[in-house]
Amino acid sequence: PVCLLGGIELGITDGFAPTDIYVEDNIVYVIDTQANRLYILDAELKLLNIIEKLTGTKNSTLNQPEGVFVDVNGQIYIADTKNKRIVMCDRQGNVKKEWSEVKISVMGENIDFFPSKLTVDKAGRMFVVCNNINRGVVELNENGEFAGFIGTPDVKVDMVTYFWKLIS
């Protein structure tokens with residue numbers, strides 16, 4: 001480590017619980033789950049902006065966000081976990097797009113969408129780690145529709161293991 005920074009060093013006096021960080025073009029984005037904020041810092045780690053209220057959406061507050069990603073166009077994607085949505089906004093908190101009520105169905109059963117961490121490729125597909133899903137990374141198309149799972153673990157049981165599980 002080169003240095004250690006906390007809320008006091010960043011000028012944040014009312015609690016600081018960072019859960020995700022993203023760096024793009026010498027700008028540092030830090031998600032604070034406890035305070036429901038996104039902090040935007042410059043290359044010298046000076047506070048540029050704090051996003052705690054979003055404009056252009058019905059629900060303007062973040063609710064325990066856990067992930068942040070910034071695409072090549074400078075659009076910020078926030079995994080707003082407890083609001084069950086992903087929000088795309090600019091550095092001022094103006095919402096450009098919002099993906100909520102994402103329908104994920106596994107074996108005929110709908111699963112609640114609690115996005116935690118995310119990344120977005122150049123085609124606009126989102127790859128999301130969700131808190132309540134253990135089937136791999138959720139892939140959403142550019143419209144926010146469920147496209148499948150990536151990295152689903154294969155479970156292979158050989159006959160010897162199967163036999164011992166029957167006995168135990």
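**Exercises on salt bridges, a pocket and strand pairing**

Glu-98 counts as partly exposed, at 32% relative accessibility. The exercises below concern a predicted model.

**Exercise 1.** Identify the side chain that Glu-98 meets in a salt bridge, and state whether Arg-85 is buried or exposed.

*Solution.*
Step 1. The partner of Glu-98 is Arg-85, with an N to O distance of 3.1 Å.
Step 2. Glu-98 belongs to strand S8 (residues 95–100) and Arg-85 to strand S7 (residues 85–89), so the salt bridge ties together parts 13 residues apart in sequence.
Step 3. Buried requires a relative accessible area under 20%. Arg-85 has 1% and is therefore buried, whereas Glu-98, at 32%, is partly exposed.

**Exercise 2.** Locate the two residues of the salt bridge between Glu-52 and Arg-37 along the chain, and classify each by its relative accessible area.

*Solution.*
Step 1. The closest N and O atoms of Glu-52 and Arg-37 are 3.1 Å apart.
Step 2. Glu-52 sits in the loop between strand S4 (47–51) and strand S5 (67–70), while Arg-37 is in strand S3 (residues 37–41); the pair, 15 residues apart, links distant parts of the chain.
Step 3. With a relative accessible area of 38%, Glu-52 is partly exposed. Arg-37, with 12%, is buried.

**Exercise 3.** Classify both partners of the salt bridge that Asp-90 forms, then name the residues that shared partners join into one network.

*Solution.*
Step 1. Asp-90 pairs with Lys-96, and their closest N and O atoms are 3.8 Å apart. This distance meets the criterion because a salt bridge requires the nitrogen to lie within 4 Å of the carboxyl oxygen.
Step 2. Asp-90 is buried at 13% relative accessibility, and Lys-96 is partly exposed at 47%.
Step 3. Asp-80, Arg-85 and Glu-98 are joined into one network by salt bridges that share partners.
Step 4. The count of salt bridges comes to 6.

**Exercise 4.** Describe the largest pocket by its volume, its lining by class and the strands that give residues to that lining.

*Solution.*
Step 1. The largest pocket holds about 200 Å³ of space.
Step 2. Its lining includes Leu-5, Leu-10, Phe-16, Val-28, Leu-41 and Leu-45.
Step 3. By class, the lining has 9 nonpolar, 1 polar and 1 charged residues. Thr-19 and Asp-20 are among the lining residues.
Step 4. Strand S1 (18–24) and strand S2 (27–32) are the elements that give two or more residues to the lining. S1 gives the most, with 4 residues.

**Exercise 5.** Work out how S1 and S2 are joined, and where a positive phi occurs in their hairpin.

*Solution.*
Step 1. S1 and S2 run antiparallel and are joined by 6 bridges.
Step 2. Pro-18 has Asp-32 in S2 as its bridge partner.
Step 3. The hairpin has 2 residues between the strands, and Asp-25 takes a positive phi near 50°.

**Exercise 6.** Give the strand order of the open sheet of 4 strands, then examine the pairing of S11 with S12.

*Solution.*
Step 1. The order is S11-S12-S13-S14, with antiparallel pairing.
Step 2. Strand S11 (115–120) and strand S14 (146–150) are the edge strands, each pairing on one side only.
Step 3. From one strand to the next, the twist averages 30°.
Step 4. S11 is joined to strand S12 (residues 126–130) by 5 bridges. Cys-130 in S12 is the bridge partner of Pro-115.

How values were computed
Residues are numbered from 1 along each chain as its sequence is written. This is a predicted model: local features need pLDDT of at least 70, side-chain atom pairs count only at pLDDT 80 or more; totals for chains, interfaces and linings use all residues. Side-chain values use heavy atoms; hydrogens and water are left out. Two strands pair if DSSP finds at least two bridges between them. Axes are lines fitted to C-alpha atoms, for helices over the stretch in contact, and angles run from 0 to 180 degrees between N-to-C directions. On a 1 Å grid over the protein atoms alone, a cavity is a set of points where a 1.4 Å probe fits but cannot get out, and a pocket is an open set with protein on both sides within 12 Å along at least five of seven lines; lining residues have an atom within 4 Å of a point. Grid points are joined across faces, edges and corners, and a volume is the space filled by probe spheres set on the points. Ala, Val, Leu, Ile, Met, Phe, Trp, Tyr, Cys and Pro count as nonpolar, Asp, Glu, Lys and Arg as charged, and the others, Gly among them, as polar. Buried means under 20% relative accessible area, exposed over 50%, partly exposed in between (1.4 Å probe, protein chains only).
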